[in-house]
Amino acid sequence: MAGPTGSALAAQRTAQSPGLKLLRADLMPVLVAVLARRFTDHRALPYAEFLALVTDDLDELRDAGFPLPQTAQQYVASWIRDGILIRRPTESRDETVELSRSAADAVRFVAAVEQPRSSVTSSRLANVTDLLSTLARDSDPVPTSRLEALRAQRDVLEAEIARVESGEFEPLSDAAASERLREILRLAEEVPGDFAKVADDLDHLNQALREQIINHEGSRGGVLERVFAGVDVIEESDAGRTFTAFHRLLLDPGLTDAFDEAVDAVLQRSFTQVLASQDAAFLRQFLTTLQRESAQVRQTLTSFSRSLRRFVETQEYREHKRLAAIIDRAEQAAFAALQELSPIHPTGREIDLTSVAISSIGSWSLHNPADLRSTAEVLAHDSGDLDIEQLRALVRLTEIDFPELQRAVAATVVDVPAPTVADVLARFPATQGLASVVGLLLLATEHATRAAGDEVWTWTSPTGRMKSVRAPRYVFGEVPQHWSEP
C-alpha cells in the first residue's frame, strides 16, 4: 500500500518494535545505561551472570537518586517480555541473554544523539568513491575496459612510487588524518553491533525452515528433501554463506598480522596523541572482539543446523505436522460454528485450566484467629514417677546394649583361652536377639583378630526361635580394662 496510509501502517507496526518500546519506556535512561554498559564488549551473557551485574548497576543507580522499587529479576523479566532482551538456551542447558536487533539500534541511537559526529566528511566521500570504482572495475565483463582500468591504476601507483623515491611526497596532514581515523572508528564501531542482526536473521531463518517443513502437504518438501539428502540448509543459505565467508576471513592469519601492524603504526603517529584512550583500546582489541562475537554467532549457526537435522531425522516434524493439522481443523470448526452460534454460547463442556484461577479481592475474607480458638476445657494430667528400669527397657528396644556385650566378652576372655564370638554367645545368651549379634560383630571387627575359617553363631530370638548364621572367625585377645567394670 503506497501513500500516507501505507507509511502510517508501517510506522504503526514499527511502533511495537522493542527498540521503540525502549525509547518510550519510563526507565529509558536506566535501560540505556545498563544495557550499553553490559553489552558493549559482549553480544551475549550468561543469564545468571547478567542478573548479578544488573543487580549491582541498580544499586548504584539507586544511590544516585533513581527510583527503582523492583528487583533486578523483575526488571530483566519485563525486558525479556517486551522483546528488548532475547533469552536463548544453550547446548549446556544454561541460558544466555542478548540485546535484540532493534533494541541495540535504539541504544546506539541514544549514544549518537548524546555524542553526535559529523557525517559529511571528505573521508566518507573518498571511501564511497573508492568502493564504487573498485566495484565497477571488478564487475566489468569486458576485458579491454578492465585492462584499461588496471593500467590506469598501475600508472597512478608508479607515479606515486617515483615521487616517494625522489622525496617529493607529503604525508597526510594531521587534520586530514584525524578525520580519516574518526571515520574508521565510526565504521569499526558499527561492525560488532551487526552480529546481533546476523544472529536474529539466523533465528528467523531457522523458524521459517521449520514452518516450511511442517506446512508442506506432500510426503517430502523442498527443504525436507534437502535435509534428508545431507544438505545443511542453514549453512547454505544466503545469510549462512555470507557469515561463513566473513568468519573465515576474520580467522585469516595474514589479515590479523596486517591489521595489528597497521594499528601499531597508526598509534605511533602524532595525530593520535589526542585520541581518547578508550578509542585506542578499541582499535587494539577490535579483531579480538570480532573473533569472539563471530565465534558465538558461529556456535548459534551450528546449533540451529544440528537442531534442524535432529528435527527431521527423529521424525519429530511428523508430530508437529499432525498437531498443526488438528489445530487447523479446530479453527475451521470454530469459524463454522461462529456462523450459527455466538462466541458466548454455552457448549456444555468443561476445560480444566492449567493456570491459577483469578478472583476479585472483594470475595476474600479476613482471617480471624478467634474462629480457631478452642472452647473445650483443657484437662491437666499429673505426671507419674520416673521409672529408670522402664526407661532402660525402652532404650534397649532401639539401641544395642554395648556395655552388656563388653562385660560378656571380658568374662569369656578370663575363663576361655582365645575365645571366639561363638564362645561368647554360648556362655552369654543374646538378650537383644539379632541386635546383640550385630553388636558382637562390631566389637570383634574393632578389638578381635580375624582367624582362618568360619564358625556358626547360634542364638535365641526374642520370640523363642533358634537362629544361626555362618560368619567369619574372630579371636579375642586382650580387651580394654573398663569392659569388666559393672
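1. A good place to start is Val-437, which is found in helix H19, the helix that covers residues 434-447. In this predicted model, Val-437 has a relative accessibility of 5% and therefore counts as buried, since the word buried is kept for residues under 20% relative accessible area. When residues up to four places away in sequence are not counted, Val-437 touches Trp-457 and Trp-459. The C-alpha atom of Val-437 is also separated by 8.3 Å from that of Leu-425, a residue 12 residues apart from Val-437 along the chain.

2. Leu-20 can be read in a similar way, beginning with its place in helix H2, which is made of residues 18-24. Its relative accessible area is 31%, and so Leu-20 is described as partly exposed, a term that applies in between the 20% limit for buried and the 50% limit for exposed. If its neighbours within four places in sequence are left aside, Leu-20 is in contact with Thr-14 and Ala-15. Leu-20 and Ile-84 are 64 residues apart in sequence, while their C-alpha atoms are 9.5 Å apart in space.

3. For the chain as a whole, the secondary structure comes to 19 helices and 5 strands. The chain has 486 residues, and buried residues make up 27% of them. Among the contacts in the chain with a separation of 6 or more, 65% are accounted for by residues 24 or more positions apart.

4. How many aromatic pairs does a search of the whole structure find? The search finds 2, and one of them is formed by Phe-39 and Phe-50, whose rings are 5.3 Å apart from centre to centre, with 35 degrees between the planes, so that the pair counts as tilted. Phe-39 lies in the loop between helix H3 (28-38) and strand E1 (44-46), whereas Phe-50 belongs to helix H4 (residues 47-63), and the pair therefore ties together parts that are 11 residues apart in sequence. Phe-39 counts as buried because its relative accessibility is 12%, and Phe-50 counts as buried because its value is 0%.

5. Two arginines deserve attention for their positions over aromatic rings. Arg-210 lies over the face of Phe-311, at 4.7 Å from the ring centre. The charged end of Arg-450 sits over the ring of Tyr-474, and here the separation from the ring centre is 6.0 Å.

6. Are helices H12 and H13 roughly parallel or roughly antiparallel to each other? Helix H12 (residues 253-267) and helix H13 (residues 277-284) pack at an angle of about 160 degrees, and their axes are 10 Å apart. Because angles over 145 degrees count as roughly antiparallel, this is the description that applies to H12 and H13. On the H12 side the residues that meet H13 are Phe-259, Val-263, Asp-264 and Leu-267, and on the H13 side they are Ala-280, Leu-283 and Arg-284. The residues of this contact divide into 5 nonpolar and 2 charged, with no polar ones.

7. A last point concerns the backbone at Ala-418, which is placed in the loop between helix H17 (402-415) and helix H18 (421-427). The phi of Ala-418 is near 50 degrees, which is a positive value in a residue other than glycine. Most residues other than glycine have a negative phi, and a careful reader may therefore wish to look at this loop in the structure.

Key
Residues are numbered from 1 along each chain as its sequence is written. This is a predicted model: local features need pLDDT of at least 70, side-chain atom pairs count only at pLDDT 80 or more; totals for chains, interfaces and linings use all residues. Side-chain values use heavy atoms; hydrogens and water are left out. Rings of Phe, Tyr and Trp (its six-membered ring) pair if their centres lie within 6.5 Å; planes under 30 degrees apart count as stacked, over 60 as edge-to-face and the rest as tilted. Helices (H or I, at least four residues) and strands (E, at least two) are DSSP runs, numbered from the N terminus. Buried means under 20% relative accessible area, exposed over 50%, partly exposed in between (1.4 Å probe, protein chains only). A charge sits over a ring if NZ of Lys or CZ of Arg is within 6 Å of the ring centre and within 35 degrees of the ring normal. Axes are lines fitted to C-alpha atoms, for helices over the stretch in contact, and angles run from 0 to 180 degrees between N-to-C directions. Angles under 35 degrees count as roughly parallel, over 145 as roughly antiparallel, 65 to 115 as roughly perpendicular and the rest as oblique. Contact means heavy atoms within 4.5 Å. Ala, Val, Leu, Ile, Met, Phe, Trp, Tyr, Cys and Pro count as nonpolar, Asp, Glu, Lys and Arg as charged, and the others, Gly among them, as polar.
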